[in-house]
Amino acid sequence: MTSSPLDPTFLHAFRRHLRLWKRFLTQSVVRETHYRTQFIATFVVGLLQLVFSLIPVLLLYSFTDDINGWSRGDVIALGGVYQISIALLWFGIEPNMERISLYVRQGDLDLILIRPVSGLFYVMLRWIKPAEIFMILTGLAVTMVGLAQGSGALNAGGILQAMVLVICGVILVSSAWTAIVMSAFWFTTTGPVATVVADVMQAGKYPLSFYPTAIRLFFSFVFPVGFASTFPVDALVGRGDWNIVLIGITLSVLALLLLRRWWHFAIRFYSSASS
Amino acid sequence: MTLSQSLRIIRRLVIIDFTGALIYRAEFVMFMVSTILAPAISLLVWRAALANGASLPVDAEYLTTYFVLLGLVSMLTSSWTSSFLAEDIRLGNISKWIIRPGSTHFNGIANNLSEKMIKSVALAPFIAVLWWFFRDTVVLPSDPLRWVLFLLSIVAAAITVYALDVLTASLAFWIDDIGGINYARGLLAAILRGQLLPLALLPAWSQGFIDIQPFRFTLSFSLEIVVGNLTTQDLVLGTTLQLIYPVLAVLAARALWQRGLRAYTAVGA
């Protein structure tokens, strides 16, 4: 989103792209109504995944009451927050990730680059899966059930911290994911990347304190799934810290700037469909 | 067609598939990263529980050895044919196999074997790294009989899983989309075969059923042979069931497939 005749300032560019994203959303909702069974299937599948993901947690806590300061309720709440973050990623990011390597491989990127729109914005956010919204609601329900059983006291500051941290987590994970997928400019296909990312994300179902220090650092700063699950729950149960929120915001801005630079570097290696 | 003719066709198909699959070797490496991640995460979580004094029915050695070997055994006993076979049925692609002096299942078996060869090579370094990290708590039996039973069990489990895949795919003769059934089976199997966690950690009230249900013999039992403290009686009973289930699964898949073929009408026919 740079300065251009269409957008004299960053704010103009931001508003224009926001309007465009709203159009994408409207179009995806209309498209989804044509595939109602698929819509219901996505919801049922997500619900089943949520139920099955809680089974190991319930079994784990049938042998103990506390692991590294996390009670059963806290970890259930974490499962809910994780579900919200995953649903947000699957709502707006995941449908685009597999398409990026297709754009590059089949030369469709030509048609994106000549449009009066940020190429990075388009390849990252063009496609939306509205059915995932319902998974956010079920994630919220699980979070509330967990918090009701958990050890901490809920307060407005904690909720605000958690909301900001979830947004930071989604931005950070999206940026890391998109950056990896952009290796499509050098490799023929990045198809399995989505599978690997989904499996790495699984680590976010459990508190970072369950893992050794090196892995904690990896999930905090390299592939920062901790910002999408552990840190928000820490905030919700009263263990939050505004410094973490500040770090999250700083890292998110930094990640977006780096991603933008990475995008501009990567498209220099794009040789289009026919050249 | 005689057995030797069938085996010759499968051998040729394995070579073709193997050569084709080698083109995507980087993809296989990435898929193997994925295969090892879930057991590694589970291992760390359960070890954290143990370190916090959780009184589990199994010890650290059991858990560690189980999760270190899980990726390998899970890959060797897996099958991915059902969605492809169902699509071939739906689109009429099996017609070309029906008129050939072979079977579409030869192709599926060859694909399964050739990909597992490549996946074994791609997975080995990751297993080795995991092993090295937890080498102090990985304990394996020295009794050669256990290893013979382990290998036999993996082969039997792989046959069972493949036959269950064909059984599920055969439903495509009557149902357009078997995706939902496949997914539900996958979720159920993840718990009942010991993919998510060792079956020994499931509640005590479920153990009688868990011990004899077929999914145990598609993954968990193979691991229990080398990891667990199975008594001779458990081993005999388990091995008997391990050999019975593939026979039952193959017979069921064959019966449903043949009924399906009678109901089959190719696209455009």
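A residue counts as buried if 20 or more other C-beta atoms lie within 10 Å of its own, as exposed if 12 or fewer do, and as partly exposed in between. By that rule, 39% of the 269 residues of chain B are buried. The model is predicted. The exercises below work through its two chains.

**Exercise 1. Describe the make-up of chain A and of chain B.**

Step 1. Start with chain A. It holds 12 helices and two strands.

Step 2. Read chain A from the N terminus. The order is α-α-β-β-α-α-α-α-α-α-α-α-α-α.

Step 3. Turn to chain B. It has 11 helices and zero strands. Its pattern along the sequence is therefore written with helices alone: α-α-α-α-α-α-α-α-α-α-α.

**Exercise 2. Test each chain against the rule for a compact globule.**

Step 1. Chain A has 275 residues, so the rule expects a radius of gyration near 19 Å. The value for chain A is 20 Å, which agrees.

Step 2. Chain B has 269 residues, so the rule gives a value near 18 Å. Chain B comes out at 20 Å, and this agrees as well.

Step 3. Add the dimensions. The C-alpha trace of chain A spans about 65 × 45 × 35 Å along its principal axes. For chain B, the C-alpha box is roughly 65 × 40 × 35 Å.

Step 4. Check burial in chain A. Buried residues make up 37% of its 275 residues.

Step 5. Look at contacts between residues 6 or more positions apart. In chain A, 82% of them link residues 24 or more positions apart. In chain B, 84% join residues at least 24 apart.

**Exercise 3. Classify D241(A), N68(A) and T160(B) as buried, partly exposed or exposed.**

Step 1. Take D241(A). It sits in the loop between α11 (230–236) and α12 (242–266) of chain A. It has 12 other C-beta atoms within 10 Å, so D241(A) is exposed. H264(A) is 23 residues from D241(A) in sequence, and their C-alpha atoms are 35 Å apart.

Step 2. Take N68(A). Its place is the loop between β1 (66–67) and β2 (70–71) of chain A. N68(A) has 13 C-beta neighbours inside 10 Å, so it counts as partly exposed. Its backbone deserves a look too. Most residues other than glycine have a negative phi. N68(A) is not a glycine, yet its phi is positive, about 45°.

Step 3. Take T160(B). It belongs to helix α7 of chain B. With 26 C-beta neighbours inside 10 Å, T160(B) is buried. Beyond four places in sequence, T160(B) is in contact with F217(B), T218(B), Y245(B), P246(B) and A249(B). S78(B) is 82 residues from T160(B) in sequence, but 9.6 Å away in space, C-alpha to C-alpha.

**Exercise 4. Work out how α7 and α10 of chain B pack.**

Step 1. Find the geometry. Helix α7 (residues 144–170) and helix α10 (residues 220–227) of chain B meet at an angle of about 175°, with axes 9 Å apart.

Step 2. Apply the cut-off. Angles over 145 degrees count as roughly antiparallel. Therefore α7(B) is roughly antiparallel to α10(B).

Step 3. List the residues. From α7(B) come R146(B), L149(B), F150(B), S153(B), I154(B) and A157(B). From α10(B) come F221(B), S222(B), I225(B) and V226(B).

Step 4. Sort them by class. The contact has seven nonpolar, two polar and one charged residues.

**Exercise 5. Locate the nonpolar cores.**

Step 1. Start with the largest core, which has 120 residues. I100(A), L165(A), V45(B), Y66(B), L69(B) and L223(B) touch the most other members.

Step 2. Which helix gives the most to this core? It is α7(B), with 13 residues.

Step 3. Follow one member. Apart from residues up to four places away in sequence, L223(B) touches Y66(B), L69(B), L70(B), V73(B) and G194(B).

Step 4. Note the second, separate core. It has five residues, including L196(B), L197(B), L199(B) and L201(B).

**Exercise 6. Describe the contact between chain A and chain B from the side of chain B.**

Step 1. Count. The contact takes 25 residues from chain B and 26 from chain A.

Step 2. Find the elements. On the side of chain B that touches chain A, α2 (25–51) and α8 (179–192) each supply at least two residues. The most come from α2(B), with 12 residues.

Step 3. Sort by class. This side of chain B has 19 nonpolar, five polar and one charged residues.

Conventions:
Residues numbered from 1 in each chain as written. Chains lettered and ligands numbered in written order. Predicted model: local features only at pLDDT ≥ 70, side-chain atom pairs only at ≥ 80, totals over all residues. Helix = DSSP H or I, 4+ residues; strand = E, 2+ residues; numbered from the N terminus. Rg over C-alpha atoms; globule rule 2.2 N^0.38 Å. Contact = placed C-beta atoms within 7 Å. Axes fitted to C-alpha atoms, helices over the stretch in contact; angles between N-to-C directions. Parallel < 35°, antiparallel > 145°, perpendicular 65-115°, else oblique. Nonpolar A, V, L, I, M, F, W, Y, C, P; charged D, E, K, R; others polar. Core = buried A, V, L, I, M, F, W, Y, C linked by C-beta atoms within 7 Å.
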